[in-house]
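Subject: Structure handover and notes

Dear colleague,

Please find below the sequence and the structure that I promised to pass on to you. My notes on what was found follow directly after them.

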Amino acid sequence: MAQPIRINLALQGGGAHGAFTWGVLDRLLEEDKVEVAAISGTSAGALNGAAIKTGLLDGGRQGARDKLEWLWQQIGALDHVAMPDWMQAFLPDPGMVSKSLEYSLPYVWGEAMVRIMSPYSSGPFYRNPLEPIVAQFDFSKVCNEHGPALFVCATQVRSGKIRIFTEANLSGEAIMASACLPTLFQAVELPDPESGEIEAFWDGGYTGNPALFPFFEPRFPDDILVVNINPLHREAIPVTPPEIQNRINEISFNSSLLRELRAVDFVQRLIADGSVQPGRMKDVRVHMIADDPLMNALSVATKTVPVPSVISQLKAAGRRAAGEFLNRHLDDLGKRQTADLRKMFG
């Protein structure tokens, strides 16, 4: 039997929309011709990355699928009052759920409160809602030298610089830091991976969503598969306050990825025209799985409120998108790039 093709996974953050990535990973784990060598994840991508790594070490591919399912059952069970279960039953389309949630009174009140109150206002009663979930991860496996390498991105608040947590310094706090939206959560304080000093961290999406440069080390394969959950393009111009805010967030959280992809394209052209000798710089091949039409139908509401019916449909969409990618491009992995980088940022 031929050796599986080793790839790197770059997993974007996007709140509960990370269930799309769950579906992608669930389908990829069924394909024994593909092996995950390294994972870079931000926010929901970091949670998915920790789940897949611990699951692989616990029980192989099926263990990883089971761990991802457990994770999203936990996320779907987080308390939310803006979309009760009875309402979900009458709104099966994820776009309808998103719109209904966006204009529901509890959600509107919550959004208004975020603009006038700080997450520090709750004082000693504050608790990060992700804490009980990440506390259940076995960090002896998350930080294990075996299995795929795992990189988690966060943003240092004081400097505004990107920080990458690796197996040497990964913890539940690092994963919570990677998912720390500053309008919703208090900054997470933990040792900076570069200085060792205690620093405050916010969501990694501001500086790396996800970070690609950890894959440029020679020990990792050349193929990078990006799972994108923040649409790069929206046809309709946002006009309502929620639509405007949502598009601002999408542009902000895609900007760091596009910068890195532009740099990758620049290096590829230098190598292609002979300006750089082969082997002097990493010549990576980029692939992407996304479903922009679905994500265009959703909004920030279903990112911040984990509605079980939407999570289920996002998983199904991710499986379909991954299946279509494998049908078209499985034979391209390890040989040629399938993402059109110029089209993305041109």
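To begin with the strands, β1 and β7 run parallel and are joined by 4 bridges, and within this pairing Asn8 stands opposite Ile224 in β7. Please keep in mind throughout that this is a predicted model, and that the values below were computed from it.

On its pairing with β2, strand β1 is again parallel, here over 7 bridges, with Val34 of β2 as the bridge partner of Ile5. The two strands also belong to a right-handed β-α-β unit, in which β1 and β2 are combined with helix α1, residues 19-28. Strand β1 itself covers residues 5-11, and because 5 of its 7 residues are buried, it is largely enclosed by the rest of the structure.

Helix α1 deserves a closer look in the viewer. Since 10 of its 10 residues are buried, the helix is largely enclosed by the rest of the structure; the buried residues include Phe20, Trp22, Asp26 and Arg27, so you will find charged side chains in that list if you apply the usual grouping, in which Asp and Arg count as charged. As for what surrounds the helix, the buried residues of α1 pack against β1, α2, β7, β8, α10 (292-297) and α12.

From β7 the description can be carried on to β8, since these two strands pair in the parallel sense over 5 bridges, and Val227 stands opposite Ile289 in β8. The chain passes from β7 to β8 by way of helix α9, which spans residues 241-272, and this β-α-β crossover is right-handed. Strand β8, residues 285-289, is mostly covered, with 5 of its 5 residues buried. Both of its faces are covered, as Arg285, His287 and Ile289 are buried on one side, and Val286 and Met288 are buried on the other.

Strand β8 also takes part in the lining of the second largest pocket, to which α9, β8, α12 (308-329) and α13 (341-345) each supply at least two residues. The space in this pocket is about 540 Å³, and of the 24 residues that line the pocket, those closest to its centre are Leu232, Met288, Ala290, Asp292 and Met344. By character, the lining residues divide into 12 nonpolar, 6 polar and 6 charged.

Two places in the backbone should be checked by eye. As general background, most residues other than glycine have a negative phi, and most peptide bonds are trans. In this model, however, Ser43 has a phi near 55 degrees, a positive value in a residue other than glycine, and Asn209 and Pro210 are joined by a cis peptide bond with an omega of about -10 degrees. Pro210 is located in the loop between β6 (198-203) and β7 (223-227), whereas Ser43 is located in the loop between β2 (34-41) and α2 (44-76). With a relative accessible area of 7%, which is under the 20% cut-off, Ser43 counts as buried.

Is Ala44, in helix α2, buried or exposed? Its relative accessible area is 4%, and Ala44 is therefore buried. Leaving aside residues up to four places away in sequence, Ala44 touches Gln12, Gly13, Gly14, Gly15 and Gly18. The C-alpha atoms of Ala44 and His17 are separated by 8.1 Å, although these residues are 27 residues apart along the chain.

A further pair to look at involves Leu294, which lies in helix α10 and is buried, with a relative accessible area of 15%. Leu294 and Ile229 are 65 residues apart in sequence, and their C-alpha atoms are 9.6 Å apart in space.

Finally, some totals for the whole chain: there are 13 helices and 8 strands, and 52% of the 346 residues count as buried. Of the contacts in the chain with a separation of 6 or more, 79% are between residues 24 or more positions apart.

With best regards

Methods
Residues numbered from 1 in each chain as written. Predicted model: local features only at pLDDT ≥ 70, side-chain atom pairs only at ≥ 80, totals over all residues. Heavy atoms only, no water. Buried < 20%, exposed > 50% of the residue type's maximum accessible area, 1.4 Å probe, protein only. Pairing = 2+ DSSP bridges. Right-handed = clockwise from strand over helix to strand, strands pointing away. 1 Å grid on protein atoms, 1.4 Å probe; cavity = no way out; pocket = protein on both sides within 12 Å on 5 of 7 lines; lining within 4 Å. Points joined across faces, edges and corners; volume = space filled by probe spheres on them. Contact = heavy atoms within 4.5 Å.
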